[in-house]
Structures are given as structure tokens and as C-alpha cells.
Amino acid sequence: MRIAHIIEYFQPELGYQEYSLAHHQSRAGHDVTVFTSDRKLVPDASGRDGLKLVRVPSGAGVERGVSTVRLPSWLSVRPICAVRGLERAILNFGPTAVHLHGLFYGWNVGAVVRAKDRLGFTLLVDNHAMSSNTDLKSRATNRLHYELVFKRWIWPKLR
């Protein structure tokens, strides 16, 4: 299978789910690529939750044994990160399955859905749900995002 993983911030050194899945799928013989932004969160006591957002080089590469394509960001305000060229990158890769990570703040959903309409791949969605990122109505900014973006633009594209 050709499997694409889509995630805003890819941190292979932290061993999160998106890295572990891609790594094990690759070791099982699948052609796997992670499509992500040119941004990473690095430890920094001055940043939110002890993490600072930094820019890393865009382009294709291999990170801890996993093929990656880092695309340039046009908007990056944690937790939101929208990238340029995602639809074209997916179409060029030609996946049979796409694993979309982090749905609630996924501003890249439109590109994934347009590519799915053209290629017909299987789309798997994982919202990475936990109380800190799924309580979309707890703060004014979360409510605004939920009402103006998620409910109107993201969720309808996946139905």
C-alpha cells in the first residue's frame, strides 16, 4: 500500500502516534510518507507549555527512518498550521490510503478531500482527542474556531 499521513506538526523524536504508525507501516513493507509543515515544537521554558514553535527546512527527507515531505506554512498559530501545496503533493504521491491526524484544528482538510475526490483513496481520520484539544467551547477563542471554522468548513467536508 501507499500510505500518506497528514499532520500539522510532525515530531518524530517524541515518538507520538503519527510517527509510530508511519514507522511500523514502513517496516511492514508499505510505501509511507508523512506530509507536514515546516514547523516544529521544541523545548523552551519561555514558550507555551514549555514549547516554542520554530521553522525547519521544507522539502522531502527522511526523519528517524520515515519518509517526510515538509511543506511551507502560510499560517501557523498553534495549534493551527495551514500549508501550501498539500493537494498537489498528495496527488503526486498517489496514495491508496490517507491517515489524517488532528482533525479539530485541521485547516488542511479541504486539500485532503479534494485529492480524495480525484484519487479515491481510503481516508482514515484521527482527531487525537483529549480534554485539552477537544473542549472546543471552553474558551472564547475555541468557541470562535468551533463556530466559524470547524462547524462550517471542516466537518461538512468529511460527511
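These legends walk through close-up views of a predicted model of one protein chain.

**Figure 1. The whole chain, with its helices and strands.**
Let us begin with the overall picture of this predicted model. The protein chain folds into five helices and 10 strands. Of its 159 residues, 44% count as buried. Among contacts in the chain with a separation of 6 or more, 68% are between residues 24 or more positions apart. The accessible surface comes to about 8600 Å², and carbon and sulfur atoms account for 54% of that surface.

**Figure 2. An open sheet of six strands.**
Reading across the sheet, the strands come in the order S5-S6-S2-S1-S9-S10, and their pairing is mixed. Which strands form the edges? They are S5 (59–63) and S10 (122–126), each of which pairs on one side only. From one strand to the next, the twist averages 25°. Look for both kinds of pairing here: S5 and S6 run antiparallel and are joined by five bridges, whereas S1 and S9 run parallel and are joined by four bridges. S9 and S10 also run parallel, with five bridges between them.

**Figure 3. Strand S9 and its partners in the sheet.**
Is S9 enclosed or open to the outside? Five of its five residues are buried, so the strand is largely enclosed by the rest of the structure. In a regular strand, side chains alternate between the two faces of the sheet. You can follow the two directions in S9: Ala-97, His-99 and His-101 point one way, while Val-98 and Leu-100 point the other way. Two bridge partners help you find the neighbouring strands. Ala-97 in S9 is the bridge partner of Ile-3, and Leu-100 has Val-125 in S10 as its bridge partner.

**Figure 4. Helix H2 and its buried face.**
Which residues of H2 are buried? They are Leu-86, Glu-87, Ala-89, Ile-90 and Phe-93. Seen down the helix axis, these buried residues fall within an arc of 165°, so they line one face of H2. An α-helix has 3.6 residues a turn, so residues three or four places apart point the same way. On the other side of H2, you will find Arg-88 and Asn-92 exposed. The cover over the buried residues of H2 includes S1, S2 (31–37), S6, S8 (80–83) and H3. H2 itself lies across S1, S2 and S6, and runs at about 175° to S2. Just after the helix comes Gly-94, with a positive phi of about 65°.

**Figure 5. The largest nonpolar core and a second one apart from it.**
The largest nonpolar core has 18 residues, and those touching the most other members are Ile-6, Phe-35, Leu-86, Ile-90 and Val-112. At least two residues of this core come from each of S1 (2–6), S6 (66–71), H2 (86–93), S9 (97–101) and H3 (109–119). Which element gives the most to this core? H3 does, with five residues. Take a moment to trace the surroundings of Val-112: leaving out residues up to four places away in sequence, Val-112 touches Ile-6, Leu-86, Ile-90, Val-98, Leu-100, Phe-121 and Leu-123. Apart from the largest core lies another, of eight residues, including Tyr-19, Val-32, Val-34 and Val-66.

**Figure 6. Val-62 on strand S5.**
Now come back to the edge strand S5. Val-62 is found in this strand. Is Val-62 buried or exposed? Its relative accessible area is 64%, so Val-62 is exposed. Leaving aside neighbours within four places in sequence, Val-62 is in contact with Ser-67 and Thr-68. The C-alpha atoms of Val-62 and Thr-33 are separated by 9.1 Å, although these residues are 29 residues apart along the chain. Next to Val-62 in the sequence, Glu-63 stands opposite Val-66 in S6.

**Figure 7. Pro-43 in strand S3.**
Our last stop is Pro-43, which is found in S3 (residues 39–43). With 73% relative accessibility, Pro-43 counts as exposed. How far from Pro-43 is Leu-53, 10 residues apart along the chain? The C-alpha atoms of these two residues are separated by 9.0 Å.

Note on methods:
Residues numbered from 1 in each chain as written. Predicted model: local features only at pLDDT ≥ 70, side-chain atom pairs only at ≥ 80, totals over all residues. Heavy atoms only, no water. Buried < 20%, exposed > 50% of the residue type's maximum accessible area, 1.4 Å probe, protein only. Contact = heavy atoms within 4.5 Å. Areas by Shrake-Rupley, 256 points an atom, 1.4 Å probe, with all protein chains shown as cover. Core = buried A, V, L, I, M, F, W, Y, C linked by side-chain atoms within 4.5 Å. Arc of directions from axis to C-beta. Pairing = 2+ DSSP bridges. Axes fitted to C-alpha atoms, helices over the stretch in contact; angles between N-to-C directions.
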